[in-house]
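Work through the exercises below with the sequence and the structure at hand. Each task is followed by a worked solution.

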Amino acid sequence: MPEGPELHLASLYVNKMCEGVVFTGQVRKSEVSKSPDVPFTCDAYRVTATSRGKEVKLSLTPMKSDEPKHRVKAGQADQPVDIVFRFGMSGFFRFTAEDEMPKHSHLRFYSNEKPCRVLSFVDARRFGSWQPNGTWQPSRGPCIMFEYKSFRENVVSHLADHAFDRPICEALLNQKYFNGIGNYLRAEILFRLNIPPFVLARTVLEGLESGDSSEKERPVKNENPDKKKSDRAKQIKVKEETGDLLRLCHTVPLEVVNMGGKGYDPQKQDYSDFEAWLQCYYVDGMKSIRDHNGRTMWFKGDPGPMAPKVSKSPKKKSKAKKEDDHDYTNKKKVTKSRSAGGTKRTAIKVETVTKTPHKEKKPETDARSKRRKTEKKKEENSPQDEKTSAARRRKGSSAEPNISGAQTRSGRVTRQSSKNQRENPL
């Protein structure tokens with residue numbers, strides 16, 4: 001995210017590129033942008049820029065005609081208009097030829113020349129915004145770089161505010177008091193002063209005066225102090241060892257400005273100098289942890305007593321976690337707990353699938369289908385079985401009368417033969 005130095009470098013870029021350039025026509029906004037339209041149209045005007053903390057103001061100034069009785073056309077602006085920009089996560093300005101205009105140009109100012117050139121506010125992620133006829137946001141404090149005296153007085157006079165009940169790393173992002181400080185600046189400032197990021201902000205700032213007393217002392221060197229003291233001793237002597245935090249909130253951003261920032265020039269985009277300047281932020285060997293607002297804080301050593309507590313993992317996972325995890329930073333703990341939770345859910349899903357697999361259901365289905373086929377077959381064969389049993393019954397019934405008839409006939413023959421024997425004795 002662009003911070004105070006980057007926004008100041010953006011204003012310098014606009015002033016350098018637009019010097020002597022006359023702009024004309026209407027200020028155009030892209031169709032996809034949700035920011036307001038800029039109701040400004042002028043035949044000839046100039047563009048200048050200034051910065052304050054994390055804001056940039058573009059001033060559109062109509063050019064006066066040399067003719068004394070020249071009248072302004074209807075619909076044309078005759079008074080200057082200020083547009084206040086906030087860059088969000090990815091905003092910047094670029095001045096190019098019209099046919100080379102960047103893809104994500106959401107507000108455009110066209111020059112009065114051929115071929116035409118365009119000053120564009122480019123914002124790929126569209127978190128940035130602008131306000132026509134705007135002023136500096138009243139909720140933001142004085143600029144850390146160019147309103148240093150007011151900045152110091154604003155912080156020192158409001159130490160009773162609840163904003164300083166928070167860890168110092170989170171208080172530094174409060175733009176009401178530290179207008180221009182961002183994620184990489186807070187890491188570099190606290191690292192140089194050897195301040196744990198999660199100590200009470202009020203404890204670090206108490207005792208500082210509204211005037212810069214550090215100018216009379218030895219200036220803080222841009223180097224890594226390697227102090228062999230216990231964490232307890234560091235917390236007890238935090239004021240003696242840390243120096244003037246407010247002064248470094250002023251000088252460290254100016255170092256970035258003096259070296260050209262994070263390669264702000266869109267045509268160069270050379271970050272090598274800035275990466276070499278960094279001592280803590282995204283540097284190998286440093287630790288990182290998410291603060292209470294979800295922002296990543298880079299530091300070295302002990303994070304401090306107000307560091308976020310890591311949620312406990314299930315007992316089953318704790319043993320494996322201790323065996324596998326040899327990095328005991330809080331970031332690793334958070335990552336491990338999240339991955340453990342995800343693994344547990346995955347394991348439950350897999351276990352659910354293996355308990356009732358499709359293959360185990362298949363034999364049961366086959367058995368049911370066999371029973372159904374058998375019952376169906378019986379139903380189909382039942383008429384034929386009934387016919388067969390009926391035929392057998394008829395056959396049996398027909399055989400019984402024949403037997404009785406034969407017995408009757410044999411009885412008749414026996415009686416007849418006995419009668420003949422009586423009538424014709426031998």
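The model used here is predicted.

**Exercise 1. Classify Glu-255 by its accessibility, then describe its salt bridge.**

Step 1. Glu-255 has a relative accessible area of 26%. Buried means under 20% and exposed means over 50%, so Glu-255 is partly exposed.

Step 2. The salt-bridge partner of Glu-255 is Arg-192, and the closest N and O atoms are 2.9 Å apart.

Step 3. Locate both residues: Arg-192 belongs to helix α4 and Glu-255 to helix α8. The pair is 63 residues apart and links distant parts of the chain.

Step 4. Arg-192 has 6% relative accessibility and therefore counts as buried.

**Exercise 2. Find which parts of the chain are tied together by the salt bridge of Asp-291 and Arg-186.**

Step 1. The side chains of these two residues meet with an N to O distance of 3.1 Å.

Step 2. Asp-291 is in the loop between β10 (287-290) and β11 (296-299), whereas Arg-186 is in helix α4, so the salt bridge ties together parts that lie 105 residues apart in sequence.

Step 3. For the surroundings, note that both Asp-291 and Arg-186 are buried.

**Exercise 3. Treat the salt bridge of Lys-176 and Asp-161 in the same manner, and state the total for the structure.**

Step 1. The closest N and O atoms of Lys-176 and Asp-161 are 3.7 Å apart.

Step 2. Lys-176 sits in the loop between α3 and α4, and Asp-161 in the loop between α2 (148-156) and α3, so this pair ties together parts 15 residues apart in sequence.

Step 3. Lys-176 has a relative accessible area of 43% and is therefore partly exposed. Asp-161, at 24%, also counts as partly exposed.

Step 4. A search of the whole structure gives 11 salt bridges.

**Exercise 4. Determine whether helix α1 is mostly covered or mostly open, and name what its buried residues pack against.**

Step 1. Helix α1 spans residues 4-17, which is 14 residues. From the first C-alpha to the last, α1 reaches 20 Å, close to the expected 20 Å at 1.5 Å a residue.

Step 2. Of the 14 residues in α1, 10 are buried, and the helix is mostly covered. Among the buried ones are Leu-7, Leu-9, Tyr-13 and Val-14.

Step 3. The buried residues of α1 pack against the strands β3 (41-52), β4 (55-62), β6 (92-97) and β8 (117-122), and against the helices α4 (183-192) and α8 (245-258).

**Exercise 5. Describe the surroundings of Asn-179.**

Step 1. Asn-179 is placed in the loop between α3 (168-171) and α4.

Step 2. The relative accessible area of Asn-179 is 0%, so this residue is buried.

Step 3. The side chain of Asn-179 reaches the backbone oxygen of Gly-141 at 3.0 Å.

Step 4. With neighbours within four places in sequence left aside, the contacts of Asn-179 include Arg-52, Gly-53, Lys-54, Arg-140 and Cys-143.

**Exercise 6. Which residues make the nonpolar surface patch of about 280 Å²?**

Step 1. The patch is made by Met-1, Met-89 and Phe-127.

Step 2. Take Met-89, which is found in the loop between β5 (81-86) and β6. Its relative accessible area is 33%, so Met-89 is partly exposed.

How values were computed:
Residues are numbered from 1 along each chain as its sequence is written. This is a predicted model: local features need pLDDT of at least 70, side-chain atom pairs count only at pLDDT 80 or more; totals for chains, interfaces and linings use all residues. Side-chain values use heavy atoms; hydrogens and water are left out. Helices (H or I, at least four residues) and strands (E, at least two) are DSSP runs, numbered from the N terminus. The expected span of a helix is 1.5 Å times one less than its number of residues. Buried means under 20% relative accessible area, exposed over 50%, partly exposed in between (1.4 Å probe, protein chains only). Contact means heavy atoms within 4.5 Å. A polar contact is a pair of N or O atoms within 3.5 Å; within protein, one must be able to donate a hydrogen and the other to accept it, and residues adjacent in sequence count only if both atoms are side-chain atoms. Patches are made of residues with over 30% relative accessible area and no salt bridge: like charges are joined within 9 Å, nonpolar side chains (Val, Leu, Ile, Met, Phe, Trp, Tyr) within 5 Å. Accessible areas come from the Shrake-Rupley method with a 1.4 Å probe; for residues, only the protein chains shown count as cover. A salt bridge is a side-chain nitrogen of Lys or Arg within 4 Å of a carboxyl oxygen of Asp or Glu.
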